[in-house]
Amino acid sequence: MKFIYAGKGTGRYWPKRQPENGLINWEKMTAKQVYDFTRALTKPYPGAFTFVNGKKLYIWKIRILEQKSSDLPGRIVRVKKNGVIISTCGKQVLLSDCQFKGLSRRESLKLLKERTGEYFKQKKTKLTYTKLKDFKIIFQKQGAYHVSPRGFKGWFLRDNYRAIAEECNPNDVVLDIGCGEGCLGEYLEVKKLIGVDYSQVALDLCQQLYPGVYDDLLLGDLRRLEALSLPKESFSLIICSLSLMYLIGSDLTKCLKQTYRLLKPKGYFVFTYPTVGPLRKGNEEAAELQPHVLQEEIKKAGFTIEKIKPIVPLISEETVKNSFFKGKAKKAFKQYLRTKKRMTLESSYHFLGKARK
Ligand SMILES: C[S@@+](CC[C@H](N)C(=O)[O-])C[C@H]1O[C@@H](n2cnc3c(N)ncnc32)[C@H](O)[C@@H]1O
């Protein structure tokens with residue numbers, strides 16, 4: 001064997017393990033991977049970990065079960081005498097030994113059992129508006145954001161708008177919150193349509209692109225809908241198409257409460273929202289919540305959920321790229337339609353929700 005001197009300072013080193021390397025990625029790991037990962041890091045090593053409601057939980061022992069997971073991965077599915085059952089991307093696992101910082105292993109397992117139904121989180125992320133997309137700047141810099149007669153944006157937005165239109169009634173008096181440049185308006189056949197957005201540029205574009213489609217356009221912030229001074233119970237339908245994910249924490253709660261207040265009794269709130277789960281991790285520029293978490297928020301505002309359905313299939317990046325080129329676009333569109341036939345909530349990019357007051 002011939003050795004070659006790598007030279008001073010030019011050799012390569014494996015990076016040192018860092019504490020964050022012990023984080024379990026529930027959305028990507030199969031039961032076997034979670035098992036191997038946990039076993040490799042268990043005592044006397046520092047331990048694989050996850051987060052429960054913002055608290056770090058070290059996992060010392062798990063066992064793979066025969067049962068396949070029917071829940072989204074990372075859910076605390078059920079309590080057993082000797083532990084808790086967790087769903088993964090594949091089979092379920094039994095977690096029998098774990099520890100929250102500062103608690104004993106026994107106390108930790110007891111606490112975890114009380115959190116059945118909740119999800120382990122990837123990490124503690126603190127979203128701020130500085131991280132989210134700022135549409136005031138986007139509209140100002142690039143003009144229309146959604147309008148594209150061909151291509152991927154066209155397909156998925158068209159499906160999104162059509163799905164919403166199916167929920168409308170010709171007698172509906174509608175408020176479209178976060179209406180943007182108003183592409184949805186064209187799809188709706190309703191008695192009255194009012195749009196709200198916090199970008200004046202978007203509202204101006206709406207008037208230019210779809211003159212007369214909206215009866216009124218109001219400059220307003222979804223975080224302070226009350227500032228619009230609209231009388232309560234004014235609308236039979238409130239729509240929010242792909243905009244709710246730009247609100248964080250208490251702002252989302254406030255917006256939902258105002259939506260509830262503005263709806264007539266038995267009125268509907270119809271929204272579309274990106275799906276995050278095992279197949280799609282989500283976008284750092286939007287506060288995307290898992291479908292069940294968003295549903296809880298909506299219920300807390302007083303609504304009853306009537307429908308949650310997938311509307312846009314997840315497709316490969318290649319399909320997206322090809323969607324802009326003639327010829328290839330046709331092929332890509334066919335692939336999109338095929339994927340759509342097999343779509344479930346997990347394999348959808350966006351879902352539609354319908355909630356009743
Ligand atoms: C992804 S676009 C969706 C636009 C439109 N609903 C559609 O489906 O074509 C998000 C829209 O939400 C608006 N938006 C985001 N945050 C808002 C806020 N706090 N108040 C009012 N509008 C907001 C943006 O200006 C943008 O028009």
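What percentage of the 357 residues in the chain do buried residues make up? Buried residues make up 36% of them, where a residue is called buried if 20 or more other C-beta atoms lie within 10 Å of its own, exposed if 12 or fewer do, and partly exposed in between, with C-beta atoms placed from the backbone.

This is a predicted model, in which local features need pLDDT of at least 70 and side-chain atom pairs count only at pLDDT 80 or more, while totals for chains, interfaces and linings use all residues. Residues are numbered from 1 along each chain as its sequence is written.

**The whole chain**

Begin with the full C-alpha trace, which spans about 75 × 55 × 40 Å along its principal axes. Switch to a cartoon view, and the secondary structure comes to nine helices and 12 strands; here helices (H or I, at least four residues) and strands (E, at least two) are DSSP runs, numbered from the N terminus.

**The five-stranded sheet**

Select residues 48-52 and 76-80, which are β1 and β3. They belong to an open sheet of five strands in the order β1-β2-β5-β4-β3, with antiparallel pairing, and two strands are said to pair if DSSP finds at least two bridges between them. Because β1 and β3 stand at the edges with a single partner strand each, one side of each is left without a neighbour in the sheet. From one strand to the next the twist averages 45°, with axes taken as lines fitted to C-alpha atoms, for helices over the stretch in contact, and angles running from 0 to 180 degrees between N-to-C directions.

Next, add residues 83-87, strand β4, which pairs with β3 in the antiparallel sense over four bridges; within this pair, K80 stands opposite G83. Then colour residues 31-41, helix α1, which packs on the sheet and touches β1, β2 and β5, its direction making about 135° with that of β2. Contact here means that the C-beta atoms of two residues, placed from the backbone, lie within 7 Å. Helix α2, residues 105-113, also packs on the sheet, touching β1, β3, β4 and β5, and its direction makes about 130° with that of β5.

Before leaving this part, find P44 in the loop between α1 and β1, and look at the peptide bond from K43 to P44, which is cis, with omega near 15°. As a general point, most residues other than glycine have a negative phi, and most peptide bonds are trans.

**The seven-stranded sheet**

Now move to the open sheet of seven strands, whose order is β8-β7-β6-β9-β10-β12-β11 and whose pairing is mixed. Select residues 216-219 (β8) and 304-313 (β11): these strands stand at the edges, each with a single partner strand, so one side of each has no neighbour in the sheet. In this sheet the twist averages 15° from one strand to the next. At one edge, β11 pairs with β12, residues 348-356, in the antiparallel sense over eight bridges, and P313 stands opposite S348.

Select β7 next, where five of the six residues are buried. Strand β7 pairs in the parallel sense with β6 (residues 173-177) over five bridges, and with β8, again in the parallel sense, over four bridges. Pick out G195 to see both pairings, since G195 in β7 is the bridge partner of D176, and L217 in β8 is the bridge partner of G195.**The cores and the ligand**

Show V174, L175, L237, I238, F269 and V270, the residues with the most contacts inside the largest nonpolar core, which has 58 residues; such a core is a set of buried Ala, Val, Leu, Ile, Met, Phe, Trp, Tyr and Cys residues joined through C-beta atoms within 7 Å. A second, separate core has 20 residues, including W26, A31, V34 and I86.

Around the ligand there are 18 residues, of which F135, G178, G180, Y198 and S241 come nearest, a residue being near a molecule if its C-beta atom, placed from the backbone, lies within 6 Å of it.

**Three single residues**

Which helix holds N160? N160 is found in helix α4, residues 151-165, and counts as buried because 22 C-beta neighbours lie inside 10 Å. Leaving out residues up to four places away in sequence, N160 touches S241, L242, T272, I311, V312 and H350.

From there, go to L242, in the loop between β9 and α6, where phi is near 50°, a positive value in a residue other than glycine. L242 counts as buried, with 21 C-beta neighbours inside 10 Å. Finish at E233, in the loop between β8 and β9, which has a positive phi of about 55° although it is not a glycine; with 13 C-beta neighbours inside 10 Å, E233 counts as partly exposed.
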